[in-house]
Structures are given as C-alpha cells and as structure tokens.
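Biologist: I would like to learn how to read single residues in a model, taking their place, their burial and their backbone angles in turn. Could you guide me through a few cases?

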Amino acid sequence: MKNPILFVVFVLTLFSCDTGRINNNNPNIPNYPVNLQINLNLPAYSNLQFPSNHIVDYSQGARGIVVFNAGSSFVAFDLACPNQAFSSCGSPMTISGINATCTCENTVYNLYSGQCAGQTYPMKQYRVDVNGSTLVIYN
C-alpha cells in the first residue's frame with residue numbers, strides 16, 4: 001500500500017513544478033527572438049543602477065524593449081501595445097517615469113508589473129537574468 005501512495009505523491013509533485021517561463025500568450029504581438037546583453041558598467045546604462053530608472057532599446061523585440069529597475073529586480077517589456085492589433089498601431093509605447101503609455105489607445109501601463117487596469121493583456125514581458133554586472137534579456 002505504501003508504494004502506490006508514494007508513486008501518486010511523486011507524480012503530483014512532478015507535475016506541480018513551475019518551469020519558470022513567462023506566459024506571453026498575446027495574439028496581438030508577434031514573437032521575435034530577443035537576446036540583449038546590457039553591461040551596467042557602461043556609461044550608457046548607468047541609469048539602470050538606480051531603482052525606478054529605465055533604458056530603451058529599439059533594436060530588438062516587436063517595437064523595442066524597455067528595461068526597468070524595479071528595486072529588487074530588473075524587468076523587461078516589449079514596447080508594442082498589447083491590446084491593439086500589431087498592424088494597426090505602428091508606434092511604440094512612450095515611457096514617462098514608471099509608466100508606459102500606448103499612444104494608439106491612450107492607455108497607461110505600470111512598469112513594475114506591466115499591468116493596466118481594465119485591459120485584457122499586460123505588456124509582453126521578457127526574462128531578465130543578472131550575471132555579475134551584465135543583464136541578459138531573452139525570451
């Protein structure tokens with residue numbers, strides 16, 4: 001009787017593990033490969049050493065990427081409007097302080113969480129790994 005119970009507990013534990021992936025099931029934003037490395041020791045990225053500061057890189061992602069220092073961690077989001085068809089909104093979101101504004105629909109998203117009250121989809125998030133003084137942003 002012990003063996004079947006152990007087996008069931010093992011199987012349940014195995015399937016309850018989180019893979020650590022970010023859920024980006026947003027039909028409005030295409031999936032472009034992202035692999036961006038940021039050296040925090042370079043003067044161009046010195047803003048990121050302080051909480052609530054950001055940098056923007058337009059070379060990757062659908063409409064560019066904003067990297068934000070959230071205090072205890074870094075977050076990265078795509079600048080494409082998440083609740084608007086990609087082809088209908090050709091401009092990236094604008095950043096002001098801790099907010100990202102989608103100019104096509106005049107909605108404001110929080111850069112700490114990527115959320116906007118009353119909207120279906122949050123901002124498309126990318127993974128951020130800290131490797132010494134280098135940030136690696138990828139999907």
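Modeller: Let us start with N26, bearing in mind that this is a predicted model. N26 sits in the loop that runs between α1 (2-15) and β1 (35-39).

Biologist: Is N26 buried or exposed?

Modeller: A residue is called buried when its relative accessible area is under 20%. N26 has a relative accessible area of 12%, and therefore N26 is buried.

Biologist: Which residues does N26 touch, leaving aside those up to four places away in sequence?

Modeller: With those set aside, N26 touches P82, Y121 and P122. For P82 there is a further detail, since its backbone oxygen lies 3.0 Å from a polar atom of the N26 side chain. The side chain of N26 also reaches the backbone nitrogen of N28, at 2.7 Å.

Biologist: And what should I look for in the phi angles?

Modeller: The general idea is that most residues other than glycine have a negative phi. In this structure, S52 has a positive phi, near 70 degrees, and is not a glycine. N106, which is not a glycine either, has a positive phi of about 55 degrees.

Biologist: Where do S52 and N106 lie?

Modeller: S52 lies in the loop between β1 and β2 (54-57), while N106 lies in the loop between β6 (99-102) and β7 (107-110).

Biologist: How do I describe the accessibility of S52 and N106?

Modeller: Exposed means over 50%, and partly exposed lies between that and the buried limit of 20%. S52, with a relative accessible area of 28%, is therefore partly exposed, whereas N106, at 64% relative accessibility, counts as exposed.

Definitions and conventions. Residues are numbered from 1 along each chain as its sequence is written. This is a predicted model: local features need pLDDT of at least 70, side-chain atom pairs count only at pLDDT 80 or more; totals for chains, interfaces and linings use all residues. Side-chain values use heavy atoms; hydrogens and water are left out. Helices (H or I, at least four residues) and strands (E, at least two) are DSSP runs, numbered from the N terminus. Buried means under 20% relative accessible area, exposed over 50%, partly exposed in between (1.4 Å probe, protein chains only). A polar contact is a pair of N or O atoms within 3.5 Å; within protein, one must be able to donate a hydrogen and the other to accept it, and residues adjacent in sequence count only if both atoms are side-chain atoms. Contact means heavy atoms within 4.5 Å.
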